[in-house]
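This report walks through a few features of the structure below, for a reader who has not seen it before.

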Amino acid sequence: MSFIYKIILGLIVGVIARAIKPGADAMGWILTIVLGIIGALVGGFLAGMLGMNANGGFTGLIFSVIGAIIVLFVYELATGKRRIG
């Protein structure tokens, strides 16, 4: 059951991060889920570095979205996609 929970949470976090970050990110729902899951890992790492507890709850969601936005910027740099604007 926790695997399904992680997939759903990854989708939610990925969609929120893609909505917040400016620019067009052409990726499907599977990459959005992967983005959210990796973003949650990065966000958890950042929370640990700051000495905060991000295990679930609203704080965990915020750090997950911040981590996903960071991953989106890295993805954009790695794939060479440039923002037009």
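Contact here means heavy atoms within 4.5 Å. The model is predicted.

## Alanine 17 and the nonpolar core

Leaving aside residues up to four places away in sequence, alanine 17 touches Val65, Ala68, Ile69 and Leu72. Alanine 17 also belongs to the largest nonpolar core, a group of nine residues in which it is joined by Val13, Met27, Leu35, Val65, Ala68, Ile69, Val71 and Leu72. At least two residues of this core come from H1 and at least two from H3, and H3 provides the largest share, with five residues.

## Helix H2 against helix H3

H2 and helix H3, which covers residues 57–79, pack at an angle of about 115°, and their axes are 6 Å apart. The crossing in which H2 passes H3 is right-handed. On the side of H2, the residues making the contact include Leu31, Leu35, Ile38 and Gly39, while those of H3 include Phe63, Ser64, Ile66 and Gly67. Sorted by class, this contact of H2 with H3 has 14 nonpolar and four polar residues, and no charged ones.

## Lysine 21 in the loop

Lysine 21 is found in the loop between helix H1 (2–20) and helix H2 (29–49). Is this lysine 21 buried or exposed? Because its relative accessible area is 3%, and buried means under 20%, lysine 21 counts as buried.

Not counting residues up to four places away in sequence, lysine 21 touches Leu72, Phe73 and Glu76. With the last of these, glutamate 76, the side chain of lysine 21 makes a polar contact, side chain to side chain, at 3.0 Å.

Note on methods:
Residues are numbered from 1 along each chain as its sequence is written. This is a predicted model: local features need pLDDT of at least 70, side-chain atom pairs count only at pLDDT 80 or more; totals for chains, interfaces and linings use all residues. Side-chain values use heavy atoms; hydrogens and water are left out. Helices (H or I, at least four residues) and strands (E, at least two) are DSSP runs, numbered from the N terminus. Buried means under 20% relative accessible area, exposed over 50%, partly exposed in between (1.4 Å probe, protein chains only). A polar contact is a pair of N or O atoms within 3.5 Å; within protein, one must be able to donate a hydrogen and the other to accept it, and residues adjacent in sequence count only if both atoms are side-chain atoms. Axes are lines fitted to C-alpha atoms, for helices over the stretch in contact, and angles run from 0 to 180 degrees between N-to-C directions. A crossing is left-handed if the near helix is turned anticlockwise from the far one by less than a right angle, and right-handed if clockwise. Ala, Val, Leu, Ile, Met, Phe, Trp, Tyr, Cys and Pro count as nonpolar, Asp, Glu, Lys and Arg as charged, and the others, Gly among them, as polar. A nonpolar core is a set of buried Ala, Val, Leu, Ile, Met, Phe, Trp, Tyr and Cys residues joined through side-chain atoms within 4.5 Å.
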